[in-house]
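Student: I'd like a close look at one part of this model: the charged side chains and the ground around them. Please take me through it in one go, with the reasoning spelled out.

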Amino acid sequence: MNSDCRQSGSALIAVLCLIFTAGMLITAVAAMSQYNTVSLAAHTALQRSFYINEGCASRIQWLIEADRTLYATAILGDMDYSDYAEDRYLADGVIHQLDYYGTPVEFVICDAASGYDFSAQNYLNSLEWMKVGFERDTEWTDRLTQFGNRIGDYIDSDDDLAVDGMEYGEYEELGREPLPRNAAIQFREELFYLPDAVELLPPDSDGRLTLYRLIPPENTSDLSGTPSLFSASPLLLMNYCNLTEEEAGKVMEALELWRRERIQLSDQLDTLLLNSLNSLSRQESGSYTVVIRPPQGSKRPSRRLVFSFTASGIGGPADGTMHYLEWLWF
């Protein structure tokens with residue numbers, strides 16, 4: 001083979017290597033571009049949902065205030081939604097749909113005065129309620145007593161250790177220093193710090209401690225009082241209404257049908273079981289918790305928003321500032 005042929009072959013190999021390298025670079029650039037497009041689209045959708053949910057929150061607040069202005073107080077769970085030409089906005093857990101400038105949104109309204117009250121003033125009373133009907137279950141009652149002692153150590157200002165309680169040394173062993181607070185609990189999520197809190201009353205499917213009542217910021221609203229029926233757990237039904245586990249299960253099924261299909265409780269439960277529910281509140285407290293989420297089946301990435309507030313009238317707060325009891329993105 002002469003030198004010209006060898007040179008031509010070397011040049012061809014070099015050209016092929018260059019073409020191959022360029023092809024690999026183009027493929028990599030295209031792949032990165034496609035990945036970034038998908039990633040950016042998801043990020044943009046999440047950012048868009050922030051604005052949509054905030055806008056929906058303002059509209060929902062207005063709808064609740066308008067409903068309170070137009071209609072008299074209702075007994076929740078007994079109202080026939082079909083009697084009204086427009087939707088009603090009550091703290092009864094019913095699932096609502098909202099079209100926000102072409103974007104469908106789903107939301108529910110609950111009473112903020114729901115669940116067991118574990119504020120500094122009322123946690124001992126709530127623990128006693130949790131024992132009702134389970135007095136013979138010594139393991140359960142002992143765990144509740146221990147939990148009460150730990151809350152007492154958490155909020156008191158001294159270092160005296162209660163029976164099975166926890167002070168600074170015990171929290172330090174768990175890597176949770178500088179706990180305890182040694183003052184009143186300021187928000188219910190602090191209960192995550194206390195052993196047994198999650199086991200006794202587990203978080204909901206969103207990871208929120210909704211079985212514990214919201215602890216509002218200082219100098220805002222008072223959420224004490226009888227818990228709402230429409231956010232009740234089976235345990236709360238058994239405690240407050242003296243129901244068996246089977247009866248509590250029937251009530252939970254009835255509440256779910258009410259939320260999804262708006263079938264009145266009186267059409268689902270017998271009179272005796274229905275009357276037993278009067279131990280829980282079926283009227284609004286005036287403070288609301290709203291959960292905004294994308295509708296079921298939606299494939300668009302989206303944030304969810306939970307906010308709580310106290311009604312102040314259709315004209316808004318007198319000082320012109322809305323004070324939220326809770327504002328949580330998740």
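**Charged pairs, strands and pockets**

Tutor: Let's start with Glu 128, which is partly exposed, at 46% relative accessible area. Keep in mind that we're looking at a predicted model. Glu 128 makes a salt bridge with Lys 131, with 3.4 Å between the closest N and O atoms. Lys 131 has a relative accessibility of 16%, so it counts as buried, the cut-off for that being under 20%. How far apart are Glu 128 and Lys 131 in helix α2? They are three residues apart in α2 (residues 123-131), so about one helical turn separates them. That's one pair out of a total of 15 salt bridges found in the whole structure.

Now for Arg 208. Its salt bridge is with Asp 204, and here the closest N and O atoms are 3.9 Å apart. That makes the cut, because a salt bridge requires the nitrogen and the carboxyl oxygen to be within 4 Å. Arg 208 is buried, with 8% relative accessible area, whereas Asp 204 comes out as partly exposed at 25%. These two aren't on their own, either: a network of salt bridges links Arg 188, Glu 189, Asp 204, Arg 208 and Glu 326.

Another pair to look at is Arg 293 with Asp 206, whose side chains meet in a salt bridge at 2.9 Å, N to O. This one ties together distant parts of the chain, 87 residues apart: Arg 293 belongs to strand β3 (residues 287-293), while Asp 206 sits in the loop between α5 (197-200) and α6 (234-241). Arg 293 itself counts as partly exposed, at 25% relative accessibility.

What about the strand that Arg 293 belongs to? Six of the seven residues of β3 are buried, so the rest of the structure largely encloses this strand. β3 pairs with β2 in the antiparallel sense, over six bridges. Across that pairing, Glu 106 is the residue opposite Arg 293. β3 is also joined antiparallel to strand β4 (residues 305-310), again by six bridges. Follow Val 291 across and you reach its bridge partner in β4, Val 306. As a reminder, side chains in a regular strand alternate between the two faces of the sheet.

Next, the pockets. The largest pocket holds about 900 Å³ of space. Its lining takes in 35 residues, and those nearest the centre are Val 108, Cys 110, Asp 204, Thr 210 and Arg 259. Three elements each give two or more residues to that lining: β2 (103-111), α7 (245-261) and β3. Which of them gives the most to the lining? That's β2, with five residues. You've met Asp 204 already, as the salt-bridge partner of Arg 208. By class, the lining of this largest pocket splits into 15 nonpolar, eight polar and 12 charged residues.

The second largest pocket holds about 450 Å³. It is lined by 20 residues, with Ser 119, Gln 121, Ile 215, Pro 216 and Glu 218 closest to its centre. Sort that lining by class and you get eight nonpolar, eight polar and four charged residues.

To pull the thread back together: Asp 204 is part of the salt-bridge network and is among the residues nearest the centre of the largest pocket. Strand β3, for its part, contributes to the lining of that pocket and carries Arg 293, the partner of Asp 206.

Notes. Residues are numbered from 1 along each chain as its sequence is written. This is a predicted model: local features need pLDDT of at least 70, side-chain atom pairs count only at pLDDT 80 or more; totals for chains, interfaces and linings use all residues. Side-chain values use heavy atoms; hydrogens and water are left out. Helices (H or I, at least four residues) and strands (E, at least two) are DSSP runs, numbered from the N terminus. Buried means under 20% relative accessible area, exposed over 50%, partly exposed in between (1.4 Å probe, protein chains only). On a 1 Å grid over the protein atoms alone, a cavity is a set of points where a 1.4 Å probe fits but cannot get out, and a pocket is an open set with protein on both sides within 12 Å along at least five of seven lines; lining residues have an atom within 4 Å of a point. Grid points are joined across faces, edges and corners, and a volume is the space filled by probe spheres set on the points. Ala, Val, Leu, Ile, Met, Phe, Trp, Tyr, Cys and Pro count as nonpolar, Asp, Glu, Lys and Arg as charged, and the others, Gly among them, as polar. Two strands pair if DSSP finds at least two bridges between them.
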